[in-house]
Amino acid sequence: MSELALTTGRWPGLLVRYRDRLPSLPPDAQPVTLHEGMTPLIRAERIEQALGGDVELYVKFEGLNPTGSFKDRGMTMAVTLAKYRGAKAVICASTGNTSASAAAYAARAGLRCIVVLPKGKIALGKLSQAFIYGAEVVEIDGNFDQALEIVRQLGETGAVAVVNSINPDRIEGQKTIAFEIHEQLGRLPTHHALPVGNAGNITAHWRGYREVAALTGEGLPVMLGFQAEGAAPLVLGHPVDHPETIATAIRIGRPASWDGAIEARDDSGGAIEAVSDWEIFAAQRRLAREAGIFCEPASAAPIAGLLKRAARSPLPPGSVVVATVTGNGLKDPDTAALGAELKPAIPALLGPIRDRLGL
């Protein structure tokens, strides 16, 4: 893929770009794509100063995928293979981003899409996406984990293809982020931080990094996962029956990819830790105001976690850190606007405006 192709809108999508590294994709399967992937890797110089001396921090901004989140990486693979195998409908449980992505890719493929949502636990920006793409939305009086169990049972009937990350095709698609980071950075990072909810993403990152390292012989990054304090089953070591956090995308008490997350943590010599809602909120604002990146609350968890860790012990000099920012801030604008207040309007005259601004 030439630099010209990447800058003139001819990026082919993940399944074409990395087809030779996706062995589960049949040669005759036609990709269902919205030209996802190749999201920017943005250096955050002002924030990296807080992590210790001589540390580089890069943000992999997955909020610039077609439906605004990293879910598109796995969904292109899952829906492609669902259609290839003859499915007429796909189904998912969701706290929001999965529903938006599943609905968009199902629409692209001409498949029916069914979404099971926990009542009152989804940001409006995400719910509106599911509706506009034509998904059939079923709201339940329960949490995400209960919704996923229902979806599992429906999937076992054979009537629908499940496209949550319990589907291994999702993990295969999502691992491509490691390939992109290696290409963009020119090396593997020393550390990688990301939010952890259902834990499919940390599992996929680790799989991708291991595949890159097997080809290049480079050292693997230390994996750092961050959960919200009110929804931190991997930190506590047991499921959380009633998870609560403003970070709706990681409000999950029973991660489906629990074992994969623990493997990534342990094999990399990393950690999975908790951050408070306040720390998440503060990191979201800091990322916007010091790096120009507007992400949804859950996406700020790795920045919050890195800052919290650095306050205890700065990262080693020479560290190259990548943080995956998983979703766009426009997914949940209401949370971002908390505490914001416009001052009373003033006359449309230069004098009052200068007085207000102190100019």
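**Exercise 1. Which residue in β6 is the bridge partner of Ile91, and what sheet surrounds the pair?**

Step 1. Go to β6 and you'll find Val162 as the bridge partner of Ile91. Before going on, a word on the model: it is predicted, so local features need pLDDT of at least 70 and side-chain atom pairs count only at pLDDT 80 or more, while totals for chains, interfaces and linings use all residues. Residues are numbered from 1 along each chain as its sequence is written, and side-chain values use heavy atoms, with hydrogens and water left out.

Step 2. Step back to the strands: β3 and β6 run parallel and share two bridges. That is enough for pairing, which takes at least two bridges found by DSSP. Strands here are DSSP runs of E with at least two residues, and helices are runs of H or I with at least four, both numbered from the N terminus. As a reminder, strands of a sheet pair through backbone hydrogen bonds, either parallel or antiparallel.

Step 3. Now place the strands in their sheet. It is open, has four strands with parallel pairing, and reads β5-β4-β3-β6. β5 (136–140) and β6 (161–162) are the edges; each has a single partner strand, so one side of each is left without a neighbour in the sheet.

Step 4. Add the helix. α7 (residues 144–156) packs on this sheet and touches β3, β4 (112–118), β5 and β6. Touching means contact, with heavy atoms within 4.5 Å. The direction of α7 makes about 155 degrees with that of β3; axes are lines fitted to C-alpha atoms (for helices, over the stretch in contact), and angles run from 0 to 180 degrees between N-to-C directions.

**Exercise 2. Work out the order of the six strands in the other open sheet, then find which helix packs on it.**

Step 1. The order is β1-β2-β10-β7-β8-β9, with mixed pairing. β1 (41–43) and β9 (271–275) are the edge strands, pairing on one side only. From one strand to the next, the twist averages 25 degrees.

Step 2. Zoom in on one edge. β8 (residues 222–228) runs parallel to β9, and five bridges join them. Across from Gln227 you'll see Ala274 in β9.

Step 3. The helix is α14 (residues 301–312), which touches β2 (56–61), β7 (191–195), β8, β9 and β10 (320–325). Its direction lies at about 100 degrees to that of β9.

**Exercise 3. How many aromatic pairs does the structure hold, and is each one stacked, edge-to-face or tilted?**

Step 1. There are two. The rule covers rings of Phe, Tyr and Trp (its six-membered ring) with centres within 6.5 Å; planes under 30 degrees apart are stacked, over 60 edge-to-face, and the rest tilted.

Step 2. Tyr18 and Phe179 sit 5.3 Å centre to centre with 65 degrees between the planes, so the pair is edge-to-face. This pair links distant parts of the chain, 161 residues apart: Tyr18 is in the loop between α2 (14–17) and β1, and Phe179 is in helix α9 (residues 176–185). Both Tyr18 and Phe179 are buried, where buried means under 20% relative accessible area, exposed over 50% and partly exposed in between (1.4 Å probe, protein chains only).

Step 3. Trp278 and Phe281 are tilted, at 6.0 Å centre to centre and 45 degrees between the planes. Both lie in helix α13 (residues 277–291), three residues apart, about one turn of the helix. Trp278 is exposed, at 62% relative accessible area, whereas Phe281 counts as buried at 12%.

**Exercise 4. Buried or exposed: sort out the loop residues Ser257 and Lys88.**

Step 1. Ser257 sits in the loop between α11 (233–236) and α12 (258–268). Its relative accessibility is 11%, so Ser257 is buried. Leaving aside residues up to four places away in sequence, Ser257 touches Ser165, Ile171, Asn198, Ala199, Gly200 and Thr203.

Step 2. Lys88 is in the loop between α4 (71–84) and β3 (89–93), and with 68% relative accessible area Lys88 is exposed. With the same sequence neighbours left out, Lys88 touches Leu111 and Arg112. The C-alpha atoms of Lys88 and Arg112 are separated by 6.3 Å, although the two are 24 residues apart along the chain.
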